[in-house]
Amino acid sequence: MGLWGFYSGDINQDGVIDGLDYNDWENDNNNFAGGYFSTDINGDGIVDGLDFIYWEQNNNNFIGAVIP
Ligand SMILES: [Ca+2]
Ligand SMILES: [Ca+2]
């Protein structure tokens, strides 16, 4: 977590944690991606549901969102 200097869950690094990041995670999750992927949010070398948990928590907190 936090190894890349951005909020865990902001997979595409656009500064906002939202559904676009989920799409990236879903693609890699469906491909059973393993290795050094940005979608491997918790850094355990596997893209799976555990990474989704991090995304979901931060998505629910609206981290990075600009709220007027
Ligand atoms: Ca993002
Ligand atoms: Ca992982």
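Start with the buried side of α1: in this predicted model, Asp-21, Trp-25 and Asp-28 are the buried residues to look at in that helix. They sit on the same side of α1, because together they cover an arc of only 65° around the axis. The spacing of such positions follows a familiar rule: an α-helix has 3.6 residues a turn, so residues three or four places apart point the same way. Turn to the other side of α1 and you find exposed residues, namely Gly-19, Asn-23 and Asn-30. As for the helix itself, α1 runs over residues 19-30. Its 12 residues reach 16 Å from the first C-alpha to the last, close to the 16 Å expected at 1.5 Å a residue.

Asn-23 is a handy example from the exposed side. This residue lies in helix α1 and counts as exposed because it has 11 other C-beta atoms within 10 Å, where the cut-off for exposed is 12 or fewer. Asn-23 still has a sequence-distant residue to compare it with: Asn-12 is 11 residues away in sequence, and the two C-alpha atoms are 9.7 Å apart.

What covers the buried residues of α1? Part of the answer is α2. This second helix covers residues 49-60, and its 12 residues also reach 16 Å from first C-alpha to last, close to the 16 Å expected. Its buried residues are Asp-51, Trp-55 and Asn-59. Seen down the axis of α2, they fall within an arc of 70°, so they line one face of the helix. That buried set packs against α1, while Gly-49, Leu-50 and Asn-60 are exposed on the other side of α2.

Now put the two helices together. Two packed helices are described by the angle between their axes and the distance between the axes. Here α1 and α2 pack at an angle of about 180°, with their axes 11 Å apart. That makes α1 roughly antiparallel to α2, because an angle over 145 degrees counts that way. If you want to see the contact residue by residue, look at Asp-21, Tyr-22 and Trp-25 from α1, which meet Asp-51, Phe-52 and Trp-55 from α2. By class, this contact holds four nonpolar, no polar and two charged residues.

The loop between the two helices deserves a stop, and Thr-39 is a good place to make it. Is Thr-39 buried or exposed? It is buried, because 21 other C-beta atoms lie within 10 Å and the cut-off is 20 or more. Leaving aside residues up to four places away in sequence, Thr-39 touches Ile-11, Asp-24, Trp-25, Asp-28, Ala-33, Val-47 and Asp-51. Several of those names have come up already: Trp-25 and Asp-28 are among the buried residues of α1, and Asp-51 is one of those in α2. Thr-39 can also be placed against Asn-29, which is 10 residues away in sequence and 8.3 Å away in space, C-alpha to C-alpha.

Gly-35 shares the loop between α1 and α2, but its surroundings read another way. With 9 C-beta neighbours inside 10 Å, Gly-35 counts as exposed. Its C-alpha is separated by 8.2 Å from that of Val-47, 12 residues along the chain.

Leu-50, back in helix α2, also has ties to follow. It counts as exposed because it has 12 C-beta neighbours inside 10 Å. Beyond its sequence neighbours up to four places away, Leu-50 touches Asn-42 and Asp-44. Asp-40 is 10 residues from Leu-50 in sequence, with 8.9 Å between the C-alpha atoms.

A couple of backbone details are worth checking too. Most residues other than glycine have a negative phi, and most peptide bonds are trans. Phe-32, which follows α1, has a positive phi near 55°. Gln-13 has a positive phi near 55° as well; this residue lies in the segment before α1 and counts as exposed, with 12 C-beta neighbours inside 10 Å.

Finally, step back to the whole chain. Its secondary structure comes to two helices and zero strands. Of the 68 residues, 22% are buried. Among contacts with a separation of 6 or more, 42% come from residues 24 or more positions apart.

Terms used:
Residues numbered from 1 in each chain as written. Chains lettered and ligands numbered in written order. Predicted model: local features only at pLDDT ≥ 70, side-chain atom pairs only at ≥ 80, totals over all residues. Helix = DSSP H or I, 4+ residues; strand = E, 2+ residues; numbered from the N terminus. Contact = placed C-beta atoms within 7 Å. Expected span 1.5 Å × (residues − 1). Arc of directions from axis to C-beta. Axes fitted to C-alpha atoms, helices over the stretch in contact; angles between N-to-C directions. Parallel < 35°, antiparallel > 145°, perpendicular 65-115°, else oblique. Nonpolar A, V, L, I, M, F, W, Y, C, P; charged D, E, K, R; others polar.
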